[in-house]
Amino acid sequence: VTRNWPAIVYDRIFAPRFLTGYDRLTYLDADIFPLTAAPEALAVPLRHGLGAVQDTASVGFSPHGAGLTRDAWRASIGLRSERYFNSGMLMIDPVLWNQIDFAGALDRFVAAHGQAVRMPDQDFLNWQFQDRWTEFSPRFNFQKGLFNYGYEAWFPPAFLHFSSFQKPWLGPDCADSVQGQFHEPFLEMVRRAGCDADLLTRRIR
């Protein structure tokens, strides 16, 4: 675990065990704003039990702060595959998912690569599913690295992912920025869900 990725982030790995009776599960990070319904995503075949979107921050590069070439970074976390997904949106087939011994696999991954991880659970999931995940369009995890370059014309976002430290609930620090524009809509979404939006705006963990 790290300061920014506490132990609770691993819950996404084990949650499908407890969500029985579903054909599909969609996991979304807390910093995702759903822009539109996208039921077509539920019909995409998941041959190995997982669908995801490539991580835009590491397409052609190693993650920020890794200090390694991309090949050396991939090797440091045991990746053979060139592809690396962002775990902010996961489409899961719970029947196939729950056939995997995730607790055992996680122990093996940490023992072998724990000192090298940058995105703990995301690195683990990429190690576990390398070359065995279905790639979704960027529109289903439209990450911060794609904002304001015109990509939304090609990939109209279904799920907008504020995958940086500029979160919409922290306040419109710049009213004409994307996170500034989404400050009030994000808080309204939280209120409609029956949650206390004031808890989000306090700068506490």
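Trainee: How many helices and strands are there in the chain?

Mentor: The chain has 8 helices and 7 strands, where helices (H or I, at least four residues) and strands (E, at least two) are DSSP runs numbered from the N terminus. This is a predicted model, in which local features need pLDDT of at least 70 and side-chain atom pairs count only at pLDDT 80 or more, while totals for chains, interfaces and linings use all residues. Residues are numbered from 1 along each chain as its sequence is written, and side-chain values use heavy atoms, with hydrogens and water left out.

Trainee: What makes the chain as compact as a globular protein of that length?

Mentor: Set its radius of gyration, 17 Å, against the 17 Å that the globule rule gives for 205 residues: the two are close, so the chain is as compact as a globular protein of that length. The radius is taken over C-alpha atoms, and the rule is 2.2 Å times the number of residues to the power 0.38. Along its principal axes the C-alpha trace spans about 45 × 45 × 35 Å.

Trainee: Which strands are the edge strands of the open sheet of 4 strands, and why are they called that?

Mentor: The order is S1-S4-S3-S5, with mixed pairing. Strand S1 (25-28) and strand S5 (134-135) are the edge strands, as each pairs on one side only. Two strands pair if DSSP finds at least two bridges between them. S1 and strand S4 (residues 85-92) are joined by 4 bridges and run antiparallel, so they satisfy that definition. In this pair, Tyr-27 stands opposite Leu-90 of S4.

Trainee: What packs on that sheet?

Mentor: Helix H5 (residues 120-129) does, touching strand S3 (50-54) and S4. Touching here is contact, meaning heavy atoms within 4.5 Å. The direction of H5 makes about 60° with that of S4; axes are lines fitted to C-alpha atoms, for helices over the stretch in contact, and angles run from 0 to 180 degrees between N-to-C directions.

Trainee: Is Gln-130 buried or exposed, and how do you know?

Mentor: Gln-130 has a relative accessible area of 5%. Buried means under 20%, exposed over 50%, and partly exposed in between (1.4 Å probe, protein chains only), so Gln-130 is buried. Gln-130 lies in the loop between H5 and S5. Leaving aside neighbours within four places in sequence, Gln-130 is in contact with Gly-78, Leu-79, Arg-80 and Ser-81.

Trainee: What does the side chain of Gln-130 reach?

Mentor: The side chain of Gln-130 reaches the backbone oxygen of Trp-127 at 3.2 Å.

Trainee: What about Asp-131: why is it called partly exposed?

Mentor: Its relative accessible area is 47%, so Asp-131 falls in the partly exposed range. Asp-131 is also in the loop between H5 and S5, and has a positive phi of about 65° although it is not a glycine.

Trainee: And what makes Asn-148 count as exposed?

Mentor: Asn-148 has 65% relative accessibility, which is over the cut-off, so Asn-148 counts as exposed. Asn-148 sits in the loop between S6 and S7, and its phi, near 65°, is a positive value in a residue other than glycine.

Trainee: How do S6 and S7 pair?

Mentor: S6 and strand S7 (residues 159-161) pair in the parallel sense over 2 bridges. They belong to an open sheet of 3 strands in the order S2-S7-S6, and Phe-142 stands opposite Leu-160 in S7.

Conventions. A polar contact is a pair of N or O atoms within 3.5 Å; within protein, one must be able to donate a hydrogen and the other to accept it, and residues adjacent in sequence count only if both atoms are side-chain atoms.
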